[in-house]
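Let us walk through this model one piece at a time. Keep the sequence and the coordinates side by side as you read.

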Amino acid sequence: MESLLTDRLATLSHPQRLAVFRLLMRRYPDALPAGEIAQVLALKSSTASVYLSALTQVGLISQRRDGTRLLYTISLDAAGEVVSGLFVDCCRGRADLCPPPFSDLINRTQMMTQTKFNVLFVCTGNSARSIFAETILRDMAGDRFTAYSAGTLPQSELNPLAVEMLQAKGHSIDALRSKHISEFQTADAPQMDFVFTVCDHAANEECPTWPGQPVSGHWGMPDPVKAEGTEAERRLAFQQTYGALHNRLLAFTALPFEALDRAALQKRVDAIGADPVTTG
């Protein structure tokens with residue numbers, strides 16, 4: 001086991017192999033094709049293949065075939081073994097000997113029992129998907145959750161078809177606006193309990209560590225703003241996105257938060273993101 005830990009650490013010691021590992025960690029539970037990984041990290045296809053092979057050989061990632069493509073995903077068990085191996089050997093299980101982020105994480109493994117949670121939804125433009133999620137959660141369970149949304153490259157205005165869809169569903173749009181993610185990274189910003197990325201582009205980007213170590217999840221789905229075709233076909237794309245987010249948030253709000261520790265809650269959040277996107 002110690003030899004395997006050494007091999008894994010040696011594999012991760014290469015900056016670009018580490019970048020591949022971190023990308024797949026951010027995109028979990030997605031399984032990504034090699035070509036997309038190479039594109040996101042600006043790697044040659046042959047170079048990406050070498051890095052993926054090295055990470056696969058030590059079990060840090062796994063691969064499966066989908067037709068002619070090879071898809072790669074993170075191995076959470078292996079990642080956990082690396083962290084636990086370092087923790088036991090270095091800190092001997094003592095939170096007071098570990099760096100503050102580790103100590104905070106250990107101390108937050110208890111059940112989440114507060115009566116209201118802060119939830120942030122992040123995408124690139126903050127003009128449709130994350131706005132949908134913020135609005136749906138606010139109106140679905142505003143007594144238990146305070147919902148926010150932001151973008152890594154926010155648009156100056158909300159998408160008109162997104163606004164039209166929300167109004168058609170009976171939601172108020174008065175307080176909605178496009179916001180940059182930096183608004184929620186200041187010292188006086190509300191501390192988040194959950195942070196969800198709802199687009200792949202935002203999940204691909206490295207963001208600063210969130211204060212308080214919130215539970216994070218990736219619920220990526222296609223961007224309805226990029227839908228092509230007739231006006232009816234474009235409206236259908238927004239309808240499908242709204243429906244998919246509505247179903248995921250129904251599953252999220254139904255979770256027994258008071259009965260789940262952090263690890264169990266993270267697994268439930270990942271499972272919601274892994275389920276096929278359905279519009280109901």
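Which residues in α2 meet which residues in α4? The model is predicted, and in it the α2 side of this contact consists of Gln 16, Arg 17, Val 20 and Phe 21. From α4 come Tyr 51, Leu 52, Ala 54 and Leu 55. By class, the contact of α2 with α4 has 6 nonpolar, 1 polar and 1 charged residues.

Now look at the geometry of this pair. Helix α2 covers residues 15-27, and helix α4 covers residues 45-57. Their axes are 10 Å apart and pack at an angle of about 70°. Angles of 65 to 115 degrees count as roughly perpendicular, and α2 and α4 are therefore roughly perpendicular to each other.

Next comes the sheet. It is open, has 3 strands and follows the order β1-β3-β2, with antiparallel pairing. β1 (32-33) and β2 (61-66) stand at the edges. Each has a single partner strand, so one side of each is left without a neighbour in the sheet.

Take β1 and its pairing. β1 pairs with strand β3 (residues 69-74) in the antiparallel sense, over 2 bridges. Leu 32 has Tyr 72 in β3 as its bridge partner. Helix α2 returns here, packing on the sheet. α2 touches β1, β2 and β3, and its direction makes about 80° with that of β3.

Then follow β2. It runs antiparallel to β3, and 6 bridges join the two. Asp 66 stands opposite Arg 69 in β3. β2 and β3 form a hairpin, with 2 residues between them. Gly 67 lies in the turn and has a positive phi of about 65°.

Move on to another helix pair. How do the axes of α10 and α11 cross? Helix α10 spans residues 231-253, and helix α11 spans residues 262-274. Their axes come within 10 Å and cross at roughly 160°. That makes α10 roughly antiparallel to α11, because angles over 145 degrees count as roughly antiparallel. The crossing of α10 past α11 is right-handed.

Finally, see what fills this contact. Arg 248, Ala 251 and Phe 252 in α10 meet Val 269, Ile 272 and Gly 273 in α11. By class, the contact of α10 with α11 has 4 nonpolar, 1 polar and 1 charged residues.

Conventions. Residues are numbered from 1 along each chain as its sequence is written. This is a predicted model: local features need pLDDT of at least 70, side-chain atom pairs count only at pLDDT 80 or more; totals for chains, interfaces and linings use all residues. Side-chain values use heavy atoms; hydrogens and water are left out. Axes are lines fitted to C-alpha atoms, for helices over the stretch in contact, and angles run from 0 to 180 degrees between N-to-C directions. Helices (H or I, at least four residues) and strands (E, at least two) are DSSP runs, numbered from the N terminus. Angles under 35 degrees count as roughly parallel, over 145 as roughly antiparallel, 65 to 115 as roughly perpendicular and the rest as oblique. A crossing is left-handed if the near helix is turned anticlockwise from the far one by less than a right angle, and right-handed if clockwise. Contact means heavy atoms within 4.5 Å. Ala, Val, Leu, Ile, Met, Phe, Trp, Tyr, Cys and Pro count as nonpolar, Asp, Glu, Lys and Arg as charged, and the others, Gly among them, as polar. Two strands pair if DSSP finds at least two bridges between them.
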